[in-house]
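Visitor: I'm new to looking at proteins in 3D. Could you walk me through this one?

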Amino acid sequence: MQLSEQETIRRDKLKKLREMGIDPYPAALYPVNATSKSSKEDYKDGKKVVIAGRLMSRRIQGKASFAELQDSAGRIQVYFNRDEICPGEDKSHYNDIYKKLLDIGDIIGIEGELFTTQVGEKTVMVKSFRMLSKALRPLPLPKKDAEGHVFDEFNDPEQRYRQRYVDLVVNPKVKETFIKRTKITNTIRQFYNDMGYLEVETPILQPIPGGAAARPFLTHHNALNIPLYLRIANELYLKRLIVGGFDGVYEFSKDFRNEGMDRTHNPEFTVMELYVAYKDYHWMMDTTEKLLEKVAIEANGSSKITVGKNEIEFKAPYPRIPILESIKIHTGFDVADMEEDELRETAKKLHIEVDGTMGVGKLIDTIFGEKCEHHYIQPTFITDYPKEMSPLTKQHRDNPALTERFELFANGKEIANAYSELNDPIDQRERFEDQLKLSEKGDDEAMFIDQDFLRALEYGMPPTSGIGIGIDRLVMLLTNNASIQEVLFFPQMRPEKKAPELTDEEKAIVALLKPTGGMDLDELKSQVGLSGKKWDKSMKGLTKQGVIKVVVDGNTKIVALKS
């Protein structure tokens, strides 16, 4: 492992601490009795506190020093005075340990007393401190120049998502997003608990990936010697519980779909699904708009939120627009009575890419997705989907070609999907068989036939309404984040590219190229001063590892670093 200069220095300090008999990673409990926040809010001059956190800055001025300590609640100023810490003749605890062996990022414990500085800042006067964890890597802290401009911020998304632990330390607003996420899920729980519904858990490993149209992840159970799937939805298991006699059940479900990744999709995501007996989709719309109004207020203090340039009002009620009417409004085409071939031609006229595996439902869904959904900035229920789009949904009471289904859109994105649930086992079997035909045509997102679920329906499921709310997208909306990666602690990432290991000769070449990014080949060879054999070997090695490239410019060859 190649260490930077800073990492080497910190390891040397670690060694010196141990040589002094100081354990840099002690096992004993540290008796914290206050936080940075409680110390300020419950401030009393001279009050004794024991706090712990990460050293984030310090200004050493001889025998005194002001520093900042960061804990889970925020930051507080701390004051180190040599004579307070070392009242006797031995001043090594301040002079050697604090001044020389502590670094920014180290986690320390402090016993002290509260006081207020001359400029009015509430501060801890340090009476004693203890090393709790030595940081061996320097934090990428932002810096300010003399004019107050901030630079070197830790804001590269690739690094932030890979090293969320660093992101949380140096970017305080990131932590606020995840605190708000928990507040959102707790509000949903409390809302449903108050209605008397039961939170449950259902299997993640499933023999049949049912409940949605999506491509699953496949695994294998060695002891049973059977294939298993990571669930794409928990719907069919929750409905089994309704068959079993529960009137209302809900689950915060981790679902997995083996599909593309972008700013609104992660292969692992969270959905809240609720199923309530003796209700229909009209009741579910009424309930959902009340829920989301409450969630918005609890999360942000108002039912009105700002997302990008849009102001979105979550106060109930929300508009309700049938999907076929929406398509007619936004495209001018009435697709209500179109067959599959006519729909495919209509999509092509709208410059929408389609293929032969797509049936009626997927064609309508694609047309709506491409031409309509982005118009719905304010919360809007899109209702009454064609039967081909909704294989688990009860047939519409007024039109047998449609189903009693809605999706809720806000800020141009779907955040909820709900039905009057299909509870006719014969109709359900026919719908599954239609899905099987789509699968045979090549649709790898078509639903599987779940024979056990059909058996459950044959025992009788009461009229039921169900909904799935995408928690990640809801959190994105309520925290004004445009990317799903911002609301997941650890989003899925591509494998990290390892930095190439370079020889000393290769490092010398790279060091010469870094200031400008490129140099004339002959000039570079002259400056690096390697023998012909070492030069050739180093250049071949750097080229092979993709570190450099040679560009021909007329009669000149330029060696440039690859970005």
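**A walk through the model**

Guide: Happy to, and keep in mind that this is a predicted model. Let's start with a helix: the buried residues of helix 11 pack against helix 12 (360-371).

Visitor: Which residues of helix 11 are buried?
Guide: Helix 11 covers residues 340-349. Buried means under 20% relative accessible area. In this helix, the buried ones are Leu343, Arg344, Thr346 and Ala347.

Visitor: Within what arc do the buried residues of helix 11 fall, seen down its axis?
Guide: Picture yourself looking down the axis of helix 11. The buried residues line one face of the helix, because they fall within an arc of 160 degrees.

Visitor: And which residues are exposed on the other side of helix 11?
Guide: Exposed takes over 50% relative accessible area. Asp341, for one, has 56%, so it counts as exposed. The exposed residues on that other side are Asp341 and Lys349.

Visitor: Which residue does Asp341 meet in a salt bridge?
Guide: Look along helix 11 for a residue three places from Asp341, about one turn of the helix. That partner has a relative accessibility of 11%, so it counts as buried. The two side chains meet at 3.5 Å, N to O, and the partner of Asp341 is Arg344.

Visitor: What about helix 4: how far apart are Asp96 and Lys100 in that helix?
Guide: Their side chains meet in a salt bridge (3.7 Å, N to O). Asp96 is partly exposed at 27% relative accessible area, while Lys100 counts as exposed at 53%. In helix 4 (residues 92-101) they are four residues apart, so their separation is about one helical turn.

Visitor: Is Glu407, which forms a salt bridge with Arg405, buried or exposed?
Guide: The closest N and O atoms of Glu407 and Arg405 are 3.4 Å apart. Arg405 has a relative accessible area of 7%, so it is buried. Glu407 has 6%, so Glu407 is also buried.

Visitor: Which residues do salt bridges that share partners join into one network?
Guide: A network like this comes from salt bridges with partners in common. Here they link four residues: Lys13, Asp103, Asp106 and Lys134.

Visitor: How many salt bridges does the count come to?
Guide: We've met a few already, including the one between Asp341 and Arg344. To count, a side-chain nitrogen of Lys or Arg has to be within 4 Å of a carboxyl oxygen of Asp or Glu. By this rule the total comes to 40.

Visitor: How many disulfides are there?
Guide: There are cysteines to look at: Cys86 is buried at 3% relative accessibility, and Cys372 is buried at 0%. A disulfide needs a pair of cysteine sulfur atoms within 2.5 Å. By this rule the count is zero.

Visitor: Is Thr393 buried or exposed?
Guide: Thr393 sits in the loop between strand 17 (380-383) and strand 18 (405-410). Leaving out residues up to four places away in sequence, Thr393 touches several others, among them Thr403, Tyr419 and Arg431. Its relative accessibility is 0%, so Thr393 counts as buried.

Visitor: What is the phi of Asp384?
Guide: Asp384 is in the loop between strand 17 and strand 18 too. At 13% relative accessibility, it counts as buried. It isn't a glycine, yet its phi is positive, at about 60 degrees.

Visitor: And what is the phi of Asn480?
Guide: Asn480 belongs to the loop between helix 15 (471-478) and helix 16 (504-513). It is partly exposed, with 39% relative accessible area. Although Asn480 is not a glycine, its phi is positive, at about 55 degrees.

Visitor: Which residues form a nonpolar patch on the surface?
Guide: One member, Phe490, lies in the loop between helix 15 and helix 16. Phe490 has a relative accessible area of 62%, so it is exposed. Together the members have about 380 Å² of accessible area, and they are Tyr165, Phe489 and Phe490.

Visitor: Last one: which residues does a cis peptide bond join, with omega about 5 degrees?
Guide: Head for the loop between strand 15 (310-313) and strand 16 (320-322), where Pro317 is found. The cis bond joins this proline to an alanine, so to speak pairing Ala316 and Pro317.

Methods:
Residues are numbered from 1 along each chain as its sequence is written. This is a predicted model: local features need pLDDT of at least 70, side-chain atom pairs count only at pLDDT 80 or more; totals for chains, interfaces and linings use all residues. Side-chain values use heavy atoms; hydrogens and water are left out. Buried means under 20% relative accessible area, exposed over 50%, partly exposed in between (1.4 Å probe, protein chains only). Helices (H or I, at least four residues) and strands (E, at least two) are DSSP runs, numbered from the N terminus. The arc is that of the directions from the helix axis to the C-beta atoms. Contact means heavy atoms within 4.5 Å. Patches are made of residues with over 30% relative accessible area and no salt bridge: like charges are joined within 9 Å, nonpolar side chains (Val, Leu, Ile, Met, Phe, Trp, Tyr) within 5 Å. Accessible areas come from the Shrake-Rupley method with a 1.4 Å probe; for residues, only the protein chains shown count as cover.
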